[in-house]
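Colleague: I would like to go through the pockets, salt bridges and sheet of this model with you. Please give the reasoning before each value or name.

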Amino acid sequence: MNIRLPWASIGAVCIALGMPLAVWAASQGDPATRALAHDIFKELIEINTTDSIGSTSVAAKAMAKRLLDAGFAASDVTVLGPNDRKGNLVARYRGKPGSKLRPLLIIGHLDVVEARREDWSTDPFQFVEQDGYYYGRGTQDMKVSDAIVVTDFIRMKRERFVPDRDIILALTADEEGGKSNGVDWLLKNHRELVDAEFVLNPDSGGVVTDHGKPLAMEFEATEKLYADYQLLATNPGGHSSLPKPDNAIYHVVDALAKLQATAFPFELNTVTREYFTQMAAIESGQTAADLRAILATPPDPAAITRLSTDPRYNSTMRTTCVATMMSAGHAPNALPQRAAANVNCRIFPGHSQEEIRIALERLFDDPQMTVKYVSDAGEVSDHGSDRKSMTPPPLRPDLMRSLRSATDQSWPGIPLIPVLMTGASDSVYTMMAGIPSYGISGVAIDRDDVRMHGKDERVPVESYYTGVQFYYDFLKALTTRKH
Ligand SMILES: [Zn+2]
């Protein structure tokens with residue numbers, strides 16, 4: 001998961017406005033569910049699923065066994081992948097026979113970021129409970145949610161709950177890196193196993209808390225598109241005692257100075273309009289007024305400029321491009337023959353990589369310098385993809401209703417805030433495959449305690465069990481037909 005840094009001062013604002021700051025609902029489930037949830041979480045954390053020496057197949061098989069033991073049919077539980085270390089689990093929870101509704105797919109990645117014992121206070125691959133937290137690699141990103149969904153599948157099965165459509169769970173490899181992304185592989189090789197009307201991906205979204213107080217349920221409704229571009233200037237070079245005005249380094253530096261001084265145009269879509277509307281109600285003073293002013297027609301340019309100084313607001317209102325790497329020259333006493341820079345862009349939904357490449361070329365306006373697209377594999381090409389990042393899917397009324405009711409059961413009254421994810425998750429594959437995808441998680445993490453990919457990753461013990469309860473309430477509400 002991509003880390004989004006949250007939320008200055010919202011807690012204080014909520015209190016000032018007298019908004020209902022919900023108390024934890026003490027709905028952490030019956031003892032049997034709690035014990036099951038504990039054991040599944042522990043089992044997953046203690047299976048190393050890193051790309052270097054781990055195996056997602058071991059974790060996928062362990063979860064498959066649990067589902068089979070709980071009564072899932074062998075034909076509905078499969079572990080498969082491109083090789084024996086990068087296995088993915090696909091499990092189908094059968095809905096009402098003859099249902100005309102197409103399945104719901106839940107995706108979660110099993111792999112975790114590398115973690116070294118000597119960098120941590122505890123062993124990252126031991127499930128440790130300490131001071132009210134569970135510690136271990138994956139306790140935030142994202143074995144916590146994998147364990148939650150597996151627990152809820154078993155709990156619903158034990159209760160003989162029958163959803164109004166099939167619910168498919170895919171627990172997959174290589175989201176964090178590696179060459180065998182499981183979601184991509186399943187869509188390309190076994191589309192029939194994972195084909196669905198829409199997708200839930202608990203790798204993003206979740207409840208933001210402040211010192212344990214819930215502030216809001218954020219959910220991801222759309223994502224930006226990732227792209228790298230190479231700026232390259234070459235020159236015959238020469239002796240540095242005889243400089244000429246034409247210099248490869250100056251070409252690239254001039255281009256980057258233009259980039260620094262330029263912002264891509266302000267844009268809104270259905271998701272960000274709703275996000276800014278909600279944030280306007282939560283923020284106060286000038287910021288709240290500015291948020292309202294950018295929603296007006298036409299938007300107020302001064303308000304856009306002020307809000308752009310906040311990286312999160314800035315990134316939510318436009319495509320961003322930033323210099324991330326440079327290399328140039330070959331000797332201290334030689335004129336440079338080559339200068340290159342990498343520019344990393346996060347493209348607002350609705351635009352293609354090629355469109356942004358052309359926009360950069362026009363901005364730099366320098367025939368001595370090329371702007372090329374760099375693929376994920378590092379290949380440089382004259383042309384980026386013409387495929388546009390998907391425009392946001394509609395906020396389905398059934399999804400919103402269920403999210404509201406399940407959220408209220410655990411965190412009564414907190415606002416639901418749709419966000420444009422400025423990074424990228426596996427939803428990029430399902431969205432590209434034309435399946436609307438939403439990032440919804442029931443795990444509450446303090447805004448000051450985001451430890452994904454970092455040292456001593458942890459989740460509050462009660463956050464975990466509340467998350468188990470939330471997803472259970474949410475899935476049942478979502479798959480129970482209202483008459
Ligand atoms: Zn993740």
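**Pockets, salt bridges and a sheet**

Modeller: The largest pocket has a volume of about 1200 Å³. The model is a predicted one.

Colleague: Which residues lie nearest the centre of the largest pocket?

Modeller: The lining of the largest pocket is made up of 32 residues. Helix 5 (182-189), strand 10 (225-234) and helix 14 (427-432) each give at least two residues to this lining. Those nearest the centre are Asn181, Tyr226, Asp376, Val428 and Tyr429.

Colleague: How many residues in the lining of the largest pocket are charged?

Modeller: The lining divides into three classes. Ten of its residues are nonpolar and ten are polar. The charged residues number twelve.

Colleague: Which element gives the most to the lining of the second largest cavity?

Modeller: The structure holds four cavities of 30 Å³ or more, and the second largest has about 80 Å³ of space. Its lining includes Thr222, Glu223, Val428, Met431 and Met432. Strand 9 (213-223) and helix 14 are the elements that supply two or more residues. With three residues, the element that gives the most is helix 14.

Colleague: How many residues lining the second largest cavity are nonpolar?

Modeller: Leu225 and Met390 are among the lining residues. The lining has two polar and two charged residues. Its nonpolar residues number five.

Colleague: How many residues apart are glutamate 462 and arginine 34?

Modeller: Glutamate 462 and arginine 34 form a salt bridge, with their closest N and O atoms 2.9 Å apart. The pair links distant parts of the chain, since glutamate 462 is in helix 15 (residues 461-478) and arginine 34 is in helix 2 (residues 31-45). Along the chain, the two are separated by 428 residues.

Colleague: Is arginine 34 buried, partly exposed or exposed?

Modeller: Buried would need a relative accessible area under 20%, and exposed one over 50%. The value for arginine 34 is 28%, so this residue is partly exposed.

Colleague: Where in the chain is arginine 447, the salt-bridge partner of aspartate 210?

Modeller: The side chains of arginine 447 and aspartate 210 meet at 3.3 Å, N to O. This pair also joins distant parts of the chain, 237 residues apart, with aspartate 210 in strand 8 (residues 206-210). Arginine 447 is in the loop between strand 19 (444-446) and strand 20 (458-460).

Colleague: Aspartate 449 forms a salt bridge with arginine 451; which of the two counts as buried?

Modeller: The closest N and O atoms of this pair are 2.9 Å apart. Arginine 451 has 23% relative accessibility, so it counts as partly exposed. At 12%, the buried residue is aspartate 449.

Colleague: How many salt bridges does a search of the whole structure find?

Modeller: Some residues are joined in a network of salt bridges, namely Asp76, Arg92, Arg94 and Asp166. The search of the whole structure gives a total of 29.

Colleague: Which strands stand at the edges of the sheet with the order 12-14-10-15-16?

Modeller: Five strands form this open sheet, and their pairing is antiparallel. An edge strand has a single partner strand, so one side of it is left without a neighbour in the sheet. The strands in that position are strand 12 (320-328) and strand 16 (380-381).

Colleague: Which residue in strand 16 stands opposite valine 374?

Modeller: Strand 15 (residues 369-374) and strand 16 pair in the antiparallel sense over two bridges. The residue standing opposite valine 374 is valine 380.

Note on methods:
Residues are numbered from 1 along each chain as its sequence is written. This is a predicted model: local features need pLDDT of at least 70, side-chain atom pairs count only at pLDDT 80 or more; totals for chains, interfaces and linings use all residues. Side-chain values use heavy atoms; hydrogens and water are left out. On a 1 Å grid over the protein atoms alone, a cavity is a set of points where a 1.4 Å probe fits but cannot get out, and a pocket is an open set with protein on both sides within 12 Å along at least five of seven lines; lining residues have an atom within 4 Å of a point. Grid points are joined across faces, edges and corners, and a volume is the space filled by probe spheres set on the points. Helices (H or I, at least four residues) and strands (E, at least two) are DSSP runs, numbered from the N terminus. Ala, Val, Leu, Ile, Met, Phe, Trp, Tyr, Cys and Pro count as nonpolar, Asp, Glu, Lys and Arg as charged, and the others, Gly among them, as polar. A salt bridge is a side-chain nitrogen of Lys or Arg within 4 Å of a carboxyl oxygen of Asp or Glu. Buried means under 20% relative accessible area, exposed over 50%, partly exposed in between (1.4 Å probe, protein chains only). Two strands pair if DSSP finds at least two bridges between them.
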